[in-house]
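Me: I have a structure open and want to learn how to read its features. Can you take me through them step by step?

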Amino acid sequence: MIKSPFYLIALMILGLGCGQPHSKQVTPGIDDLAKQYVHLGLVIGQYDEAFVDAYYGPEDLKPASVPSSVFPKDSLINEVRILKSALGSLISEDTAVLHRAAWLMDQLISFERRIKIFAGEYDLFDNESEDLFGTNAPVFNENYYNILVDALDNKLPGDGTVQERFQALANRFIIPKDKLDTVFRASIAECRKRTLAHYKLPEEEDFALEFVTNKSWNGYNWYKGNYQSLIQINTDLDIFIDRAIDVGSHESYPGHHVYNMLLEKNLYRDKGLVEFSIYPLYSPQSLIAEGSANYGIDVVFPGKDKVDFAREVLLPLAGLDTIGIGLYFDALDTKGKLNYVRNDVGRGLLSGAMTEEEALRWLETYGLYNHETAVKSISFIRNQRSYVINYNHGMDVVARYIEKNGGNDPAIRWKVFETLLSQQIRVIDLVSGMQ
Ligand SMILES: [Zn+2]
């Protein structure tokens, strides 16, 4: 059985009483503190089902006790603070140890914030994102979005509003339901082939693909450990051709599936960093996960490769006409820049400064969402709150880091990207571009 945090803290207090605050016998080392971090994350996950996204660590770190019927907010926050205090008082001349401690501290700040949110204790959008994901996203006003939408206005043919004309173009590329499996598998296979040309992945790595309904998200990678992923696609709404590329790269190669494998292989199994056997969803790790998964689309399909692959392979498999596909991907680039609208809507909606009607108008006008997708997006924002910054701001943070350290050479970008996905990096260092 593992030592409970209280047992270790009691030892520390005894140590302090004896005038031996840093004695090796009484002060837990970084490995012990990392185990306590994992255990605490699993305890929180007994209450908050979304908290632990993946766990493939030792059985004996799992909580032995049955969770109480009432969410023990105060005692969990207390445990987080005790662990932070122990990490803060860790003495070491080893910079790797100090770096681990600082990384764990960042994660624990997110634990405390998530515990409060789960208990219904909310704060401003930016305060929550700062604690949960280690940063906050820039704020844009309507003028910023209007300039981008106006630029698109000049490119899109036909009559009606920009949103209507974008939608008319997009509707040409809806994948028929009976072709989804074929098209998605072809895209994942291509992304895997391209990734394997640059990375050596564990031989046993694999994934399962499932189609589901009634979810607030569009797609999800459930990482199972031992280099296996379950990728689920929500078919509630129409699925457009670009989603196939998104699932192939964002959810799979070199996105979430590869990121999780590299963490498991390089950090947990090879280096023995037990903190990487758990993936807490509402933590700085998700800024890196979503940001790199979105940026990974451009790593695997640089330049015009994405359009060419859709035209030559995916659209024929889906039985769809290729006319307009270049313009569609061009419009999607602008739509990507407009993705920040979700943050601004989140800020307004969650603080009560924006009505749901106004939020829908922003999403439809500035995000180019159709009505049903805008409604779904509001449900996602209400559920996931500031998590939305990870997709846009997270991607831009990762992009700046990769481009600063890898330039525009596609081969070097693959290398820097792999290094980023394989290291214990703090968001503060990612934002500042350190490698
Ligand atoms: Zn994702």
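The dialogue below goes from domains to a sheet, then to helix packing and backbone details.

Me: What kind of model is this?

Reply: This is a predicted model.

Me: Into which domains is the chain divided?

Reply: There is domain 1, residues 5-121, and domain 2, residues 142-432. Taken over C-alpha atoms, their centres are separated by 32 Å.

Me: How do I read the contact between the two domains?

Reply: Start with the general idea. The size of an interface is often given as the accessible area lost when the parts come together. Here we count residues instead. Domain 1 gives 26 residues to the contact and domain 2 gives 20.

Me: Which elements supply at least two residues each on the side of domain 1 that touches domain 2?

Reply: Helix H2 (30-47), strand S1 (52-55) and helix H4 (95-118) each do so. H4 has the largest share, with 11 residues. By class, this side of domain 1 has 15 nonpolar, 5 polar and 6 charged residues.

Me: Now the sheet. How do I read strand pairing?

Reply: Strands of a sheet pair through backbone hydrogen bonds, either parallel or antiparallel. In this case 3 strands form an open sheet, in the order S2-S4-S3, and the pairing is mixed.

Me: Which strands stand at the edges?

Reply: Strand S2 (206-212) and strand S3 (219-225) do. Each has a single partner strand, so one side of each is left without a neighbour in the sheet. On average, neighbouring strands of this sheet are turned by 20 degrees against each other, direction ignored.

Me: In what sense do S2 and S4 pair, parallel or antiparallel?

Reply: S2 and S4 pair in the parallel sense, over 7 bridges. One of the bridge pairs joins Ala208 to Leu230 in S4.

Me: And in what sense do S3 and S4 pair?

Reply: S3 and S4 (residues 228-234) pair in the antiparallel sense, over 6 bridges. Follow some partners along S4. Gly219 has Ile233 as its bridge partner. Tyr220 has Gln232. Trp222 has Leu230.

Me: How many residues lie between the strands in the hairpin of S3 and S4?

Reply: The hairpin has 2 residues between the strands. In this hairpin, Asn226 takes a positive phi near 55 degrees.

Me: Which helix lies across S2, S3 and S4?

Reply: Helix H10 (residues 256-270) does, running at about 25 degrees to S3.

Me: How do I describe two packed helices?

Reply: Two packed helices are described by the angle between their axes and the distance between the axes. Take helix H12 (residues 305-318) and helix H13 (residues 325-337). They pack at an angle of about 130 degrees, with axes 10 Å apart. H12 and H13 are therefore oblique to each other. Their crossing is right-handed.

Me: Which residues make the contact of H12 and H13?

Reply: H12 contributes Lys306, Val307, Ala310, Arg311 and Leu315. H13 contributes Ile325, Gly326 and Phe329. These residues divide into 5 nonpolar, 1 polar and 2 charged.

Me: Next, backbone angles. Is the peptide bond from Tyr253 to Pro254 cis or trans?

Reply: The bond from Tyr253 to Pro254 is cis, with omega near 5 degrees. Pro254 lies in the loop between helix H9 (241-252) and H10.

Me: What is the sign of phi at Asn214, positive or negative?

Reply: Asn214 has a positive phi of about 60 degrees, although Asn214 is not a glycine.

Me: Where is Asn214?

Reply: Asn214 sits in the loop between S2 and S3.

Terms used: Residues numbered from 1 in each chain as written. Predicted model: local features only at pLDDT ≥ 70, side-chain atom pairs only at ≥ 80, totals over all residues. Axes fitted to C-alpha atoms, helices over the stretch in contact; angles between N-to-C directions. Helix = DSSP H or I, 4+ residues; strand = E, 2+ residues; numbered from the N terminus. Parallel < 35°, antiparallel > 145°, perpendicular 65-115°, else oblique. Left-handed = near helix turned anticlockwise from the far one by under 90°. Contact = placed C-beta atoms within 7 Å. Nonpolar A, V, L, I, M, F, W, Y, C, P; charged D, E, K, R; others polar. Pairing = 2+ DSSP bridges. Domains from an automatic or database assignment.
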